[in-house]
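Student: I would like a close look at a single part of this protein. Please walk me through it step by step.

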Amino acid sequence: MRAAVALGLLAWVGAALVLAELRWFSRPSLADRLRPYAPVGVGGGPSAPSPFSVESFRDLVAPLAASTGARAARLFGVQEEAALRLERIHSPLDVTAFRVRQLGWAVVAVAAAVPGAMALRLPPLPALAFVTGAALLAFLVPEQQLASASQRRQRRLLLELPVVSEQLGMLLGAGYSLGAALHRLASRGSGVCATDVRRVTARTRHGVPVDAALREWAAVARVPALDRLVAVLALNRETGDLGRLISDEARAIRQEVQREAVATMERRAQQVWVPVTVATLVPGVIFLSVPFVEALRLFSGS
């Protein structure tokens, strides 16, 4: 009965939040409908959300979800901030919306695990472990998806960086300024680097210096090769042979990528021998154990 009452209350709260979004169920007052058309300073601006609306519920849950999600992520070994990873992958969500979504998935998992535990007739401790595990799994799946997307983007950035560096060096050698070369790469390029360079050019149009915008890109990406390239680009006003320096840096990045590829190939080649070794050793141990056991039996019988 207690579980049924809890599920009924949860369903009632969810139905109230869903129906509050429907116009025929929750009609705004006349003042709220006229407020967007009022002059500024005479009640203008957005109306205050209803205390039983989705917006008010989100405003109430958002700080708790953000703090709880950050602590849980650090508890499971995730040290990088979620806001930085969301910015890196150009996600439309901010960290608060992401944490609220995680909390929502955890609540849905709990709501689905409680009837499952009751249907399986689990004892109290296994039922508690089952419900807690379902909530943790629902919380950690979006966290793992975000971490994987961030790592894939960093990897693609590292693979595209040599080509982009060479193109940037050729443009600078042809007489382009650093800002004009970045704008040309952003307008004609495609891929991860082009997307990030478009953000850099947008920042420069907002009045941010090119060097500062490039440093912001490197701080968000957190790729060592990009840090070195940005350090070379910072010498734009101090040297006249920047194209050659960028070409040398592109060659160094390409060699780094090649070394990582060779190391990955060698590691996978070693992993191939693991099942072969196991398949060879297990029958050999069995064949050796048979005469050894037989010798022990004869020795003990004598």
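Student: Is Glu249 buried or exposed, and why does it count that way?

Tutor: Glu249 counts as buried, because its relative accessibility is 12% and the cut-off for buried is under 20%. Keep in mind that this is a predicted model. Now place the residue. Glu249 sits in helix H11, which covers residues 242-301. What does Glu249 touch, once neighbours within four places in sequence are left aside? The partners are Ala225, Arg228, Leu229 and Val232. Helix H10 spans 224-233. Two of these partners, Ala225 and Leu229, will come up again.

Step back for a moment. The protein has 11 helices and zero strands. Along the sequence, the pattern reads α-α-α-α-α-α-α-α-α-α-α. There are 302 residues, and 27% of them count as buried. Glu249 counts as buried too. Next, take contacts between residues at least 6 apart in sequence. Of these, 60% join residues at least 24 apart.

Now look at how H10 packs. Two packed helices are described by the angle between their axes and the distance between the axes. For H6 and H10, the axes come within 10 Å and cross at roughly 20 degrees. Angles under 35 degrees count as roughly parallel, so H6 and H10 are roughly parallel to each other. Their crossing is left-handed. On the H6 side, the contact is made by Leu157, Leu158, Leu161, Ser165 and Leu168. On the H10 side, Ala225, Leu226, Leu229 and Leu233 take part. So where have you met Ala225 and Leu229 before? Both are in contact with Glu249.

Walk back along the chain from H10. The loop between H9 and H10 holds Arg222. Arg222 comes just after H9. Its phi is near 55 degrees, a positive value in a residue other than glycine.

Helix H9 itself covers residues 210-221 and has 12 residues. From its first C-alpha to its last, H9 reaches 17 Å, close to the 16 Å expected at 1.5 Å a residue. Which residues of H9 are buried? They are Ala212, Ala213, Leu214, Trp217, Ala218, Val220 and Ala221. These buried residues pack against several helices, including H6 (124-173) and H10. Helices H7 (178-188) and H8 (192-205) are also among the packing partners. So is helix H4, residues 82-88.

H4 brings us to Arg88, which lies in that helix. Arg88 is buried, because its relative accessible area is 3%. Leaving aside neighbours within four places in sequence, Arg88 is in contact with Val220, Ala221 and Arg222, among others. Val220 and Ala221 are buried residues of H9, and Arg222 is the loop residue with the positive phi. Other contacts of Arg88 include Glu80, Ser150, Arg153 and Gln154. With Ser150 there is also a polar contact, side chain to side chain, at 2.5 Å.

One last stop follows H4. His90 is found in the loop between H4 and helix H5, residues 95-120. Phi of His90 is near 60 degrees, a positive value in a residue other than glycine. His90 is partly exposed, with a relative accessible area of 27%. Arg88, by contrast, is buried.

Now retrace the route. Glu249 is buried and touches Ala225 and Leu229. Those two help make the contact between H10 and H6. Buried residues of H9 pack against H10, H6 and H4. In H4, Arg88 is in contact with Arg222.

Terms used
Residues numbered from 1 in each chain as written. Predicted model: local features only at pLDDT ≥ 70, side-chain atom pairs only at ≥ 80, totals over all residues. Heavy atoms only, no water. Helix = DSSP H or I, 4+ residues; strand = E, 2+ residues; numbered from the N terminus. Buried < 20%, exposed > 50% of the residue type's maximum accessible area, 1.4 Å probe, protein only. Contact = heavy atoms within 4.5 Å. Expected span 1.5 Å × (residues − 1). Polar contact = N/O pair within 3.5 Å; in protein donor to acceptor, adjacent residues only side chain to side chain. Axes fitted to C-alpha atoms, helices over the stretch in contact; angles between N-to-C directions. Parallel < 35°, antiparallel > 145°, perpendicular 65-115°, else oblique. Left-handed = near helix turned anticlockwise from the far one by under 90°.
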